[in-house]
Amino acid sequence: MGSIAGDLDVMSLPDVVIWLANRQRSGRLTIQRGGVTKQLYIVNGAVTQSSSDDPRERLGQHLVNYGYVSEQQLQVAFQTQVETGVPLGRVLVMSGVLDDERLMRVLNFKTRECLLDAFEWEQGTFEFNAQETRDPELDAPTPTLLAEIHSEGVSRHTMWEEIRKVLPGPQTQLDVKEPIPSGLNNFDRRILEYAAAGRSIGEVALEVRALDFHVFARLYDLAGRGLVKARPPGAPRTVPSPVVTTPSQPAAVVPAAREELLMQLRQRLQAGQHDDAYLLAQRVLERDPNNVEALNALRAAQAAAHRPGAPSRTLTPAAVPQLTVTREHLDEYLLTSKERYVLSRIDGKRSLQQIMQVSPIQEAELLRIVEAFVQRGFIRV
């Protein structure tokens with residue numbers, strides 16, 4: 001066998017995975033959607049290693065989520081990695097920040113979650129190449145059977161259907177019952193504290209460096225215990241919040257807002273304003289993750305950015321961004337979770353390089369977000 005490829009709306013990822021599992025295949029599985037590409041190496045029907053250009057799925061972000069390293073420790077380790085070429089995990093172990101047992105635990109988690117996270121993709125492409133070889137030194141300590149991943153992925157799909165009845169999407173904001181109980185574990189306490197401060201669910205996931213399913217699942221459980229509930233779209237916040245919201249849309253998140261975003265998206269694409277189109281597409285996808293028009297717009301914007309003669313970025317990594325308006329002023333608008341996260345990290349002290357090193361957002365996307373706010377006059381560098 002050489003290779004097989006197709007579209008996920010024709011052959012779903014769960015179908016691809018169980019097909020490979022039943023035949024005990026070995027090779028490389030590549031899946032793509034929008035601006036995200038994931039690669040998984042499979043040996044005899046088991047996943048041995050994975051990679052993703054979604055920063056949330058990188059080892060460093062998982063380590064922060066587990067509470068094993070801090071942002072500052074991660075930043076120092078990145079610098080050492082650049083200077084020495086030693087893998088990040090090994091740098092952290094050699095420096096005494098992390099032990100082997102915890103590193104192995106997170107590597108196993110990273111490998112299986114890379115594939116599970118994509119089980120909800122209804123659009124995108126896949127390719128399996130049986131001729132690809134891998135570097136065994138990069139394998140996770142324990143291979144994960146594709147059949148096990150398939151079974152868990154199907155269960156998660158059913159759970160997602162129940163979760164969305166209570167918590168509609170990443171843009172959802174929450175009312176938290178206070179005081180927050182003292183008996184909660186650290187992860188539950190953190191997500192409730194961010195929610196109580198006015199963060200949307202998408203922002204909470206970025207703040208705690210967790211993948212969406214794990215944040216939604218915990219909030220769903222906490223909602224069942226009466227500790228949190230979704231706030232209706234457009235309802236006022238019950239507590240003041242420093243969280244930023246978006247410069248181009250009203251605060252209420254209603255279906256009409258998505259149609260308005262799509263109309264603006266088409267206009268930007270026709271005008272060749274690809275950076276604006278990219279950000280608008282992200283706003284649509286936060287409300288409708290499998291929207292075909294927005295996913296196609298992402299691909300078009302990324303392709304335009306790599307064409308010969310495309311304008312280069314005006315910001316340098318050494319630039320230090322600073323807000324020129326108050327966060328209360330920005331509170332009047334609706335931003336995506338990523339835009340709010342970026343703005344929360346701008347303090348007039350940290351450079352873009354320092355922000356990017358530990359950010360759960362792709363560097364190119366982060367730069368687009370900052371440049372868009374510079375153009376609007378909300379940020380200066």
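This note covers one sheet and one pocket in a predicted model.

1. Start with the sheet. It is open and has 6 strands. Their order is E1-E5-E2-E3-E4-E6, and the pairing is antiparallel. Strands of a sheet pair through backbone hydrogen bonds, either parallel or antiparallel.

2. Next, the edges. E1 and strand E6 (144–145) are the edge strands. Each of them pairs on one side only.

3. Look at the E1 end of the order. Strand E1 (residues 3–7) runs antiparallel to strand E5 (residues 125–129), with 5 bridges between them. To find this pair in the model, go to Ser-3, which stands opposite Asn-129 in E5.

4. E5 has a second partner, strand E2 (residues 27–33). This pair is also joined by 5 bridges and is antiparallel. Here Leu-29 stands opposite Phe-128 in E5.

5. Now the second largest pocket. Its volume is about 900 Å³. The lining has 34 residues, and those closest to the pocket centre are Leu-59, Pro-87, Leu-88, Leu-107 and Lys-110.

6. Which elements give two or more residues to this lining? Two are strands: E3 (36–43) and E4 (46–52). The others are helices: H2 (59–66), H3 (71–84), H4 (88–94), H5 (100–116) and H15 (352–357). H5 gives the largest share, 5 residues.

7. The lining of the second largest pocket is mixed in class: 13 nonpolar, 13 polar and 8 charged residues.

8. One link between the two topics: E3 and E4 sit side by side in the sheet order, and both strands also give residues to the lining of the second largest pocket.

Technical notes
Residues numbered from 1 in each chain as written. Predicted model: local features only at pLDDT ≥ 70, side-chain atom pairs only at ≥ 80, totals over all residues. Heavy atoms only, no water. 1 Å grid on protein atoms, 1.4 Å probe; cavity = no way out; pocket = protein on both sides within 12 Å on 5 of 7 lines; lining within 4 Å. Points joined across faces, edges and corners; volume = space filled by probe spheres on them. Helix = DSSP H or I, 4+ residues; strand = E, 2+ residues; numbered from the N terminus. Nonpolar A, V, L, I, M, F, W, Y, C, P; charged D, E, K, R; others polar. Pairing = 2+ DSSP bridges.
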